[in-house]
Every structure is written in C-alpha cells, then in structure tokens.
Amino acid sequence: MKVVFLGPPGAGKGTQAVRLCREEGITHMSTGEMLREAVKAGSEVGLKAKSYMDSGALVPDEVVIEIIEEKLNQTGWEESCLFDGFPRTVAQARALEEMLKSHGSALDHVIYLETSPEVAVERLGGRLTCRNCGANFHIRNMPPRRAGVCDECGGELCQRDDDRPESVQNRLKVYEAQTADLINYYVKKGLLRRVSGDLQADQVYTKVREALGL
Ligand code: AP5
C-alpha cells in the first residue's frame, strides 16, 4: 500500500501516521522529519534547508524529491509506505507518480485531513517535540507523563523553531498558496479521501482506518 497524508500544518498528519505505521508495519516517510535530521546533522541538504524551514517556506522541490527517491531506494519500492508532508506541490506529486510508475508501483490512497486554521494554530502553539527522537506531544491535548520529558526515549521536550507564531502564520499562508492545489489534483485522479482533522485524535484515527479500508 502507498498512501499520502495531506493537510495543513497542525492537521495531525504526523500523529496519525506514527500510530498507523506502528500498528500496520508501514514505513513512515516524513519529509519534515528527514529535513530536521539533516539540519541536526549539519549535512549539505540540512544547510540548504534550514533557512526555508525556519521561515515556514517550502524547501525547493528538487531537494525533497531527491531525499524521497533516496529513501525509497533504501527501503525498497515494493514496501508499504506512508508519505507524510510529501508531496507539497503539484511538481512533487508528478515526480512521485513518475518515480513509482518507473518501479511498477502507484499510489493507492490520499487522505486529506481537513482542519480549520483556528484548530491548527492552537495545536502548533502547544506542540512539544522531543529533541532526541522527534516524538510529538501537546501541552494540553496530549501531555507527556512527566512535564518536559519524552515518554518514548526520556529526551528533552522543546518547541520546534517553526512553531513560533510568525512562522506558523507563514506556513499556513504557504499551505494555501502552494499545497491546497493538490486537493483538486488528487480529486481528479479519484484518489482523495476526506477525513475531518478537527476531531479528537482517536476519532480521526478510526476514520482514517475506515477511509483506507482497514
Ligand atoms: P513538516 O514537519 O511536514 O510540518 P507540517 O506539514 O507543517 O506539519 P506539522 O508537523 O507541523 O503538523 P502535523 O500535521 O504533522 O501535526 P502533528 O501530528 O505534529 O514540515 C516542516 C517544514 O519542512 C516545512 O515548513 C517545509 O519548510 C519543510 N518541508 C517538509 N516537507 C516538505 C516538502 N514536501 N516540500 C518542501 N518543503 C518541505 O500535530 C500537531 C500538534 O497537535 C501536536 O502537538 C499533536 O500532539 C497535536 N494533535 C494532533 N492531532 C490532534 C487531535 N486530533 N486533537 C488534538 N491535538 C492533536
């Protein structure tokens, strides 16, 4: 199975993806996570990506397409994959389609987590991320068992640089300007399934599974 999770920043893509991939043994491909790792490692890609990410802009298409292709080469093209935060532009969507096609594969579903801007802003403002393993929590909605400490690995929790209010506003604008077009793109392909991202996490999860026929 090849699935894309689409939706604005704060829709809960990562939260739902981590749970689904863990329960179903699917490979989680988050371009945001891969880019943050590259920034942390100080690699060439990380150095290119950092300023775009901090301001809430999209990293250039060719950079993320290359990262995804490399990752698929390592994972194996026949594996079940969930793409979280990729594609983000029509050019990325076309590149993904071509890559999969050339390896005899194709997307099965695109899940669109429809989420209101007010909910997205509240979630990003309260998100806590582990510096060590990248796990996400929320100060009110999904608090860690011990304040400031990751439940998964005991790492320190912090606010992501791009969750500052000025970056969040820019990310939402960038989403509307550059990513929202993908909704129509996938509607035309007959792949898009809509799920409300505004609901509680467990309710969203149930609906995502239904949409995937699981
Ligand atoms: P990325 O990491 O992909 O960020 P994003 O798409 O902005 O998404 P987020 O991670 O902010 O939100 P999410 O939907 O995963 O929500 P989450 O589950 O964490 O990208 C970061 C940057 O990298 C981009 O801005 C760009 O610069 C670059 N980039 C990445 N991919 C790119 C690409 N393809 N092309 C170009 N550039 C790219 O949840 C948010 C919070 O809400 C958490 O605290 C969570 O605990 C809580 N929560 C989740 N669900 C619920 C719920 N149902 N109810 C209550 N609380 C909830």
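Here are some short exercises with worked solutions on a structure that is a predicted model.

**Exercise 1. Find how α6 and α7 pack, and which residues meet.**

Step 1. Start with the helices themselves: α6 covers residues 117-125 and α7 covers residues 165-179.

Step 2. Next, take the geometry. The two helices pack at an angle of about 140°, and their axes are 11 Å apart.

Step 3. Now classify the angle. Angles over 145 degrees count as roughly antiparallel, and α6 and α7 are oblique to each other.

Step 4. Look at the handedness: α6 passes α7 in a right-handed crossing.

Step 5. Finally, list the partners. From α6 come Ala120, Val121 and Leu124, which meet Val168, Gln169, Arg171 and Leu172 of α7. Sorted by class, this contact has five nonpolar residues, one polar and one charged.

**Exercise 2. Do the same for α1 and α9.**

Step 1. Helix α1 spans residues 13-24, while helix α9 spans residues 201-211.

Step 2. Their packing angle is about 55°, with the axes 10 Å apart. That makes this pair oblique as well.

Step 3. The crossing of α1 and α9 is right-handed.

Step 4. On the α1 side, the contact is made by Gln16, Arg19, Leu20, Glu23 and Glu24. On the α9 side, Ala201, Asp202, Val204, Tyr205, Val208 and Arg209 take part.

Step 5. Sorting these residues gives five nonpolar, one polar and five charged.

**Exercise 3. Locate the aromatic pairs and classify each one.**

Step 1. How many aromatic pairs does the structure hold? There are two.

Step 2. Take Phe83 and Phe86: their ring centres are 6.4 Å apart, with 50° between the planes. Planes over 60 degrees apart would count as edge-to-face, and this pair is tilted.

Step 3. Are Phe83 and Phe86 buried or exposed? Both Phe83 and Phe86 are buried.

Step 4. Turn to Tyr185 and Tyr186, whose ring centres lie 5.2 Å apart. The planes of Tyr185 and Tyr186 stand at 80°, so this pair is edge-to-face. Tyr185 is buried, as is Tyr186.

**Exercise 4. Follow the chain on from Phe86, then see where Tyr185 and Tyr186 make contact.**

Step 1. Phe86 is joined to Pro87 by a cis peptide bond, with omega at about -5°.

Step 2. Pro87 lies in the loop between β3 (81-84) and α5 (90-102).

Step 3. α5 packs against helix α8 (residues 181-188) at an angle of about 35°, and the axes are 9 Å apart.

Step 4. Here the tyrosines return: Asp181, Leu182, Tyr185 and Tyr186 in α8 meet Val90, Ala93, Arg94 and Glu97 in α5. The contact of α5 with α8 divides into five nonpolar, no polar and three charged residues.

**Exercise 5. Describe the surroundings of Glu152 and Lys50.**

Step 1. Glu152 sits in the loop between β6 (136-138) and β7 (157-158).

Step 2. Setting aside residues up to four places away in sequence, Glu152 touches Arg22, Cys133 and Ala135. Glu152 and Cys133 are 19 residues apart along the chain, and their C-alpha atoms are separated by 7.9 Å.

Step 3. Lys50 belongs to helix α3 (residues 44-55). With a relative accessible area of 35%, Lys50 is partly exposed.

Step 4. Apart from neighbours within four places in sequence, Lys50 is in contact with Val39 and Asp161. The C-alpha atoms of Lys50 and Val149, 99 residues apart along the chain, are separated by 25 Å.

How values were computed. Residues numbered from 1 in each chain as written. Predicted model: local features only at pLDDT ≥ 70, side-chain atom pairs only at ≥ 80, totals over all residues. Heavy atoms only, no water. Axes fitted to C-alpha atoms, helices over the stretch in contact; angles between N-to-C directions. Helix = DSSP H or I, 4+ residues; strand = E, 2+ residues; numbered from the N terminus. Parallel < 35°, antiparallel > 145°, perpendicular 65-115°, else oblique. Left-handed = near helix turned anticlockwise from the far one by under 90°. Contact = heavy atoms within 4.5 Å. Nonpolar A, V, L, I, M, F, W, Y, C, P; charged D, E, K, R; others polar. Phe/Tyr/Trp six-rings, centres within 6.5 Å; stacked < 30°, edge-to-face > 60°. Buried < 20%, exposed > 50% of the residue type's maximum accessible area, 1.4 Å probe, protein only.
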